[in-house]
Amino acid sequence: MRTSLRVISSLLSLLVITNVATAANVVSDRKVVVIDAGHGGPKFPGASYGGVREKDLNLQVALRLGKMIEDNMKDVDVVYTRTKDIQFSENLNADLQRRADIANGKTGRNAPRGDLFISIHANAARDAAACGTETLIMGESTLEKSRNEEVLFANNKDEFLDMGDEKTAVMVRAYIQNLQYTYGSYSEALARIVQKNYTAAGRRSRGIKRQPLKVLYATDMPGILTEIGFMSNSAELAYMRSEKGQKELATALYRSVEQYFEFMRGVLSLDGDASADASDTTPAETEQSPQQQSAAESDSGFTIQVAALAKRLASSSRDFSKEFGKYKNDISIFISSENTKYPYRYCIGRYATADEAREAADKLRGSFKDAFVVKYSGDRIVK
């Protein structure tokens, strides 16, 4: 169903304003995690295989995840979009908007506003052998831009914004571009953490995908939609409906929430350097390297972060060569604008637009699997 252009335009105007404030407050003391069990009610059951309905699997894992957070993370509150089998409207767009309204704290005078949004779904495909987990963030894939990608998750196809309409596509793409300056990088960070924890639990990772999803478009915070497995695969369906499977999936998501907030506090690096010792010398007291001086001479733009370290490595050191290999001469060292244990950000390339940087980052992930796009100004990485 095509989303109203008026609704999209209003949402875009609101979110561009709201998301700037959201990004500025992304590291606060007490947090609210919004857990959305996808689908629900008689009209929106999701996929159905072997007598198992997706809406039920989503809810079971969502409730397990929420209880783990409530029991173990005393500085985090949980908000559920649903705790039972309900739908919010006979119309899918209205149903999805209601979930976003709950997340945005717009359902009552004292309704809490979320800091993090996690929508839980199960996948399906025509190929019964398809398997694994994947996590979606708001965006648009290269294949989608050319409109020649078959929608893999047939049961979710109505939850995508209609990018075939030119006016809708223009507004959505403007919104996506705005994400780079607000919370897009935080959503990507959470997605990367989630996929790592799925892999650690023995699940196959299908990676992170960018898709123009209505529910992520309408939420004013970092958010993901995670696909916990394929119902069309009999082995994965058995796993997802089992006590063991649901517990493992919920635990992977719980650890991801925990690690995401550690990452936001600067305790955890996504580049595997969480065990590095903090430097006794602050960045301001350290002599700038030639790479830093070069970065400082630039104005601003986008670059690709490949590592975050507590100490500045000398470009001539063995550790520097070991860390960056054939790319050692391409590395620029920036300083994080945040108060963090890992202030030194090792980056490759400078790009005028985020799209150019993302395209280059896709190629770099063969050597740096966790490479992602950041914005720089002078010698600083900025939000």
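Biologist: Which residue forms a salt bridge with Arg365?

Modeller: This is a predicted model, and the pairing is read from its side-chain atoms. The closest N and O atoms of the pair are 2.6 Å apart, and a salt bridge requires a separation within 4 Å. The partner of Arg365 is Asp362.

Biologist: Which residues are joined into one network by salt bridges that share partners?

Modeller: Arg365 and Asp362 form a salt bridge, and both belong to the network. Bridges with shared partners bring in further residues. The network consists of Glu188, Arg210, Asp362 and Arg365.

Biologist: Is Arg365 buried, partly exposed or exposed?

Modeller: Its relative accessible area is 27%. Buried means under 20% and exposed means over 50%. Because 27% falls in between, Arg365 is partly exposed.

Biologist: How many salt bridges does a search of the whole structure find?

Modeller: Side chains of opposite charge can pair when their charged atoms come close. One such pair here is Arg99 with Asp95, whose closest N and O atoms are 2.9 Å apart. For the whole structure, the number of salt bridges found is 19.

Biologist: Which helix holds both Arg99 and Asp95?

Modeller: The two residues are 4 residues apart, about one turn of the helix. An α-helix has 3.6 residues a turn, so residues three or four places apart point the same way. Both Arg99 and Asp95 are buried. They lie in helix H3, residues 92-103.

Biologist: How many residues apart are Asp77 and Arg30, which form a salt bridge?

Modeller: The closest N and O atoms of Asp77 and Arg30 are 2.8 Å apart. The pair links distant parts of the chain, with Asp77 in strand S4 and Arg30 in the loop between helix H1 and strand S1. Asp77 is partly exposed at 31% relative accessible area, and Arg30 is partly exposed at 43%. Along the chain, Asp77 and Arg30 are 47 residues apart.

Biologist: At what angle do helix H8 and helix H9 pack?

Modeller: Two packed helices are described by the angle between their axes and the distance between the axes. For H8 (residues 234-241) and H9 (residues 243-264), the axes are 4 Å apart. H8 is roughly perpendicular to H9, because angles of 65 to 115 degrees count as such. The angle between H8 and H9 is about 80°.

Biologist: Which residues of H8 make the contact with H9?

Modeller: On the H9 side, the contact is made by Glu243, Lys244, Gly245, Gln246, Glu248 and Leu249. The residues of the contact divide into 3 nonpolar, 2 polar and 4 charged. From H8 come Tyr239, Met240 and Arg241.

Biologist: With which residues is Asn233 in contact, leaving aside its neighbours within four places in sequence?

Modeller: Asn233 sits in the loop between strand S8 and H8. At 11% relative accessibility, Asn233 counts as buried. The C-alpha atoms of Asn233 and Asn123 are 9.5 Å apart, with their positions 110 residues apart in sequence. The contacts of Asn233 are Ala128, Ala129, Ala130 and Cys131.

Biologist: What distance separates the C-alpha atoms of Gln211 and Leu136?

Modeller: Gln211 belongs to strand S7 and is buried at 3% relative accessibility. Leu136 is 75 residues from Gln211 along the chain. Their C-alpha separation is 6.4 Å.

Biologist: What share of the 383 residues in the chain is buried?

Modeller: The chain has 12 helices and 13 strands. In helix H2, the buried residues include Leu57, Val61, Leu65 and Ile69. Over the chain, the buried share is 54%.

Technical notes: Residues are numbered from 1 along each chain as its sequence is written. This is a predicted model: local features need pLDDT of at least 70, side-chain atom pairs count only at pLDDT 80 or more; totals for chains, interfaces and linings use all residues. Side-chain values use heavy atoms; hydrogens and water are left out. Buried means under 20% relative accessible area, exposed over 50%, partly exposed in between (1.4 Å probe, protein chains only). Axes are lines fitted to C-alpha atoms, for helices over the stretch in contact, and angles run from 0 to 180 degrees between N-to-C directions. Angles under 35 degrees count as roughly parallel, over 145 as roughly antiparallel, 65 to 115 as roughly perpendicular and the rest as oblique. Contact means heavy atoms within 4.5 Å. Ala, Val, Leu, Ile, Met, Phe, Trp, Tyr, Cys and Pro count as nonpolar, Asp, Glu, Lys and Arg as charged, and the others, Gly among them, as polar. A salt bridge is a side-chain nitrogen of Lys or Arg within 4 Å of a carboxyl oxygen of Asp or Glu.
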